[in-house]
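This report describes how the helices and strands of one chain are arranged. The structure is shown first, and the description follows.

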Amino acid sequence: MLNSFMNTLKRLFDQTDKPSVQDDAVYSDDQLLAWAQGCMLEGLPDEFYEARLDCERMLLANGQTEVSVRHTFRLTSTSEPERFTPADDLYPVQCVEKILKDKNWHKAALVFSPTKASFGWE
């Protein structure tokens, strides 16, 4: 827990050095994925094998879009996936939606471990 708290403080201090206007700001896909991963880390145990964010987008009959989200992690390579709740469950999804803006996607996944990360969509 202390590690998660320190990560939150570091992110907050890092953000104070940046301009506050974010509406028109354009961030790289890597930066958005790093922020999503950082947010999700705050809901995970300090030691874990792998975590993932799975998003599925569905177009509804009335023209609206619905996104279902699932956050899971595994403690070891052989353990079963368990659900978890990140500190902010909407922010990582917003990062994914920004990356995939103007793309026709229906599934996306951010998978990461303490040492690496990958992102894919279809």
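In which sense do strand β2 and β3 pair, and over how many bridges?

## The sheet

The model is predicted. Strand β2, residues 65–74, pairs with β3 in the antiparallel sense, over 2 bridges. One bridge partner is Glu 82 in β3, which is matched with Phe 73.

These strands belong to an open sheet of 5 strands with antiparallel pairing, in the order β3-β2-β1-β4-β5. At the edges are β3 (82–83) and β5 (117–121), each of which pairs on one side only. Strands of a sheet pair through backbone hydrogen bonds, either parallel or antiparallel.

## Helices on the sheet

Helix α2 lies across β1 (50–59), β2, β4 (107–112) and β5. The helix α2 runs at about 65° to β4. Helix α3 also packs on the sheet, where it touches β1, β2, β4 and β5. The direction of α3 makes about 60° with that of β1.

## The helix pair

Helix α2 spans residues 29–41 and helix α3 spans residues 91–99. They pack at an angle of about 165°, with their axes 8 Å apart. An angle over 145 degrees counts as roughly antiparallel, and α2 and α3 are therefore roughly antiparallel to each other. Their crossing is left-handed.

On the α2 side, the contact is made by Asp 29, Leu 32, Leu 33, Trp 35, Ala 36, Cys 39 and Met 40. On the α3 side, the contact is made by Tyr 91, Pro 92, Cys 95, Lys 98 and Ile 99. The residues of this contact divide into 10 nonpolar, no polar and 2 charged.

Key
Residues are numbered from 1 along each chain as its sequence is written. This is a predicted model: local features need pLDDT of at least 70, side-chain atom pairs count only at pLDDT 80 or more; totals for chains, interfaces and linings use all residues. Side-chain values use heavy atoms; hydrogens and water are left out. Axes are lines fitted to C-alpha atoms, for helices over the stretch in contact, and angles run from 0 to 180 degrees between N-to-C directions. Helices (H or I, at least four residues) and strands (E, at least two) are DSSP runs, numbered from the N terminus. Angles under 35 degrees count as roughly parallel, over 145 as roughly antiparallel, 65 to 115 as roughly perpendicular and the rest as oblique. A crossing is left-handed if the near helix is turned anticlockwise from the far one by less than a right angle, and right-handed if clockwise. Contact means heavy atoms within 4.5 Å. Ala, Val, Leu, Ile, Met, Phe, Trp, Tyr, Cys and Pro count as nonpolar, Asp, Glu, Lys and Arg as charged, and the others, Gly among them, as polar. Two strands pair if DSSP finds at least two bridges between them.
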